[in-house]
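Me: I've got a two-chain model open and I'd like to talk it through with you. Can we go at it question by question?

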Amino acid sequence: MDPQLTSQIVPAEEIKVIEECLVRLAEDTGGNYVLLLDKSGQVITAQGDAARQDITALGALIAGTFASSREVAKLLREKDFRQLFTQGVRENIFISLIEDQWILCIIFNKGTHIGLVKVLTKKATDDLSVVLERVREHQKARDDVLGSSFRTSMEDTIDLLFRD
Amino acid sequence: MALINVAAREIHCKIVYYGPGMSGKTSNLQYIHSQVPKEAKGELLSIATETERTLFFDFLPLDLGKVRGFQTRFHLYTVPGQVLYERTRVAVLSGADGVVFVADSQKHKLEENIRSLRELAINITRQNKRFQDFPIVLQYNKRDVPGALPVATLDKYLNTLGWQRFEATATIGAGVFDTLKAISKLVISKL
């Protein structure tokens, strides 16, 4: 099967490493919220000062913005835009691409300087690239993770839920 | 690419509704949103123009609950169908696990359907995925319109790869869940 079609399995021990990295980034910058997304917009994990209800939609929109900027880059014959900065009245968002697969996003307020965010995000991006590389290298077989009867159970759930 | 988070025991899959402008992609999501139980859905997010045409995408997260201990989520997206938004469609397609191609059954829309399907093939291939193997389900929408093209004709021009296909009238929900079930199962089979 085309490797692009298979799922990406992020093991529990790597999630722990990612979470530590995000916590460190939030603490060192004084950022309010840090998210790691897959480029398809799915939230891998998030760390922050408060539980946000809108995290799923936030992930979809940020990934959409990044994918859109990639197309702008192509039109400008740029390779890609690795970073995006959005400035708000209360909060700012800094987004950085990890390889071509993950997106690191930090939300911070006026108390944090953008320069500090840029420097520390670069360090976090380098660390997370190493994690991504390990995740890519150590893909387990799906059945080892989900169990062989997962598909049947899933189909039953789909039949039950998706109906008029 | 579907994401399996072993620590949080979560699975996320992305399904994109693709097709020419006004073929009924947003109507599909609106109907699904109106019917799925409250605890299984998030807000339907639409980035549209003032005239309610999709500008960037619609987004509907569905939570199927725990399946064999894994919280399973499907994220449904639509693309903007109008020709000028070709690059936006590429952006929304990024990382998709499966596509529903919503075709408009009206006779004068056949050429637009064909062009849109060709564009989809190019965009999937550009993501380094084999179009022939990519999970796709066809929906022939607007079957209620007088003079809708016969299914055999649509098959001849659009379904050369023998995908599963469903007749639909998305505005009243006919065929919407059959399509969603088919693409969901197809995506799960490829996990």
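Reply: Sure. One term before we start: two strands count as paired if DSSP finds at least two bridges between them. Also keep in mind that this is a predicted model.

Me: With that in hand, what is the bridge partner of A:Q87 in β5(A)?
Reply: Strand β4 (residues 83-87) of chain A pairs with strand β5 (residues 91-98) of chain A in the antiparallel sense, over 5 bridges. A hairpin of 3 residues links β4(A) to β5(A). Within that pairing, A:T86 has A:I93 as its partner. For A:Q87, the partner in β5(A) is A:N92.

Me: And how many bridges join β5(A) to β6(A)?
Reply: Strand β6 (residues 102-109) of chain A runs antiparallel to β5(A). One of the bridges sets A:I95 against A:C105. The count of bridges joining β5(A) to β6(A) is 8.

Me: Which residue takes a positive phi in the hairpin of β5(A) and β6(A)?
Reply: That hairpin has 3 residues between its strands. The positive phi is near 50°, and it belongs to A:E99.

Me: Which are the edge strands of the chain A sheet?
Reply: The sheet is open and has 5 strands, in the order β3-β2-β6-β5-β4, with antiparallel pairing. An edge strand pairs on one side only, and here that picks out β3 (43-48) and β4 of chain A.

Me: By how much are neighbouring strands of this sheet turned against each other on average?
Reply: Direction is ignored for this one, and the average is over neighbouring strands of the sheet. It comes to 10°.

Me: At about what angle does α1 of chain A run to β3(A)?
Reply: Helix α1 (residues 12-29) of chain A lies across β2 (33-38), β3 and β6 of chain A. Against β3(A), its angle is about 35°.

Me: Is A:T65 buried or partly exposed?
Reply: A:T65 sits in helix α2 (residues 55-75) of chain A. Its C-alpha atom is 9.9 Å from that of A:G41, 24 residues away along the chain. Being buried takes 20 or more C-beta neighbours within 10 Å. A:T65 has 19 inside 10 Å, so it counts as partly exposed.

Me: Now chain B. What does a compact globule rule say about its radius of gyration?
Reply: Chain B has 5 helices and 8 strands, and its C-alpha atoms fill a box of roughly 50 × 35 × 30 Å along the principal axes. Buried residues make up 53% of its 191 residues. Of its contacts between residues at least 6 apart in sequence, 69% join residues at least 24 apart. For 191 residues a compact globule would come out near 16 Å, and chain B agrees, because its own value is 16 Å.

Me: Why is α2(B) described as largely enclosed by the rest of the structure?
Reply: Its buried residues are B:T88, B:R89, B:V90, B:A91, B:V92 and B:L93. They pack against α2 of chain A together with β2, β4, β5 and α3 (110-126) of chain B. Just after the helix, B:G95 takes a positive phi of about 75°. The helix is largely enclosed because its buried residues number 6 of the 8.

Me: Which element of chain B gives the most to the side that touches chain A?
Reply: The contact involves 48 residues of chain B and 42 residues of chain A. On the chain B side, β1 (3-5), β2 (10-18), β4 (54-67), β5 (70-78), α2 (86-93) and α5 (176-189) each supply at least two residues. By class, that side has 24 nonpolar, 14 polar and 10 charged residues. The element giving the most, with 7 residues, is α5(B).

Me: Which residue of β1(B) stands opposite A:Q8?
Reply: Strand β1 (residues 8-10) of chain A pairs with β1(B) in the parallel sense, over 3 bridges. Opposite A:Q8 stands B:L3.

Me: Last one: which element supplies the largest share of the largest nonpolar core?
Reply: Nonpolar side chains tend to be buried together in soluble globular proteins. The largest nonpolar core here has 101 residues, and those with the most contacts inside it include A:I103, A:L37, B:I15 and B:F101. A:I103 touches A:L37, and also A:F66 and A:I95 among others. The largest share of the core, 8 residues, comes from α5(B).

How values were computed: Residues numbered from 1 in each chain as written. Chains lettered and ligands numbered in written order. Predicted model: local features only at pLDDT ≥ 70, side-chain atom pairs only at ≥ 80, totals over all residues. Contact = placed C-beta atoms within 7 Å. Helix = DSSP H or I, 4+ residues; strand = E, 2+ residues; numbered from the N terminus. Nonpolar A, V, L, I, M, F, W, Y, C, P; charged D, E, K, R; others polar. Core = buried A, V, L, I, M, F, W, Y, C linked by C-beta atoms within 7 Å. Buried ≥ 20, exposed ≤ 12 C-beta atoms within 10 Å, placed from the backbone. Rg over C-alpha atoms; globule rule 2.2 N^0.38 Å. Axes fitted to C-alpha atoms, helices over the stretch in contact; angles between N-to-C directions. Lists of a residue's contacts leave out its neighbours within four places in sequence.
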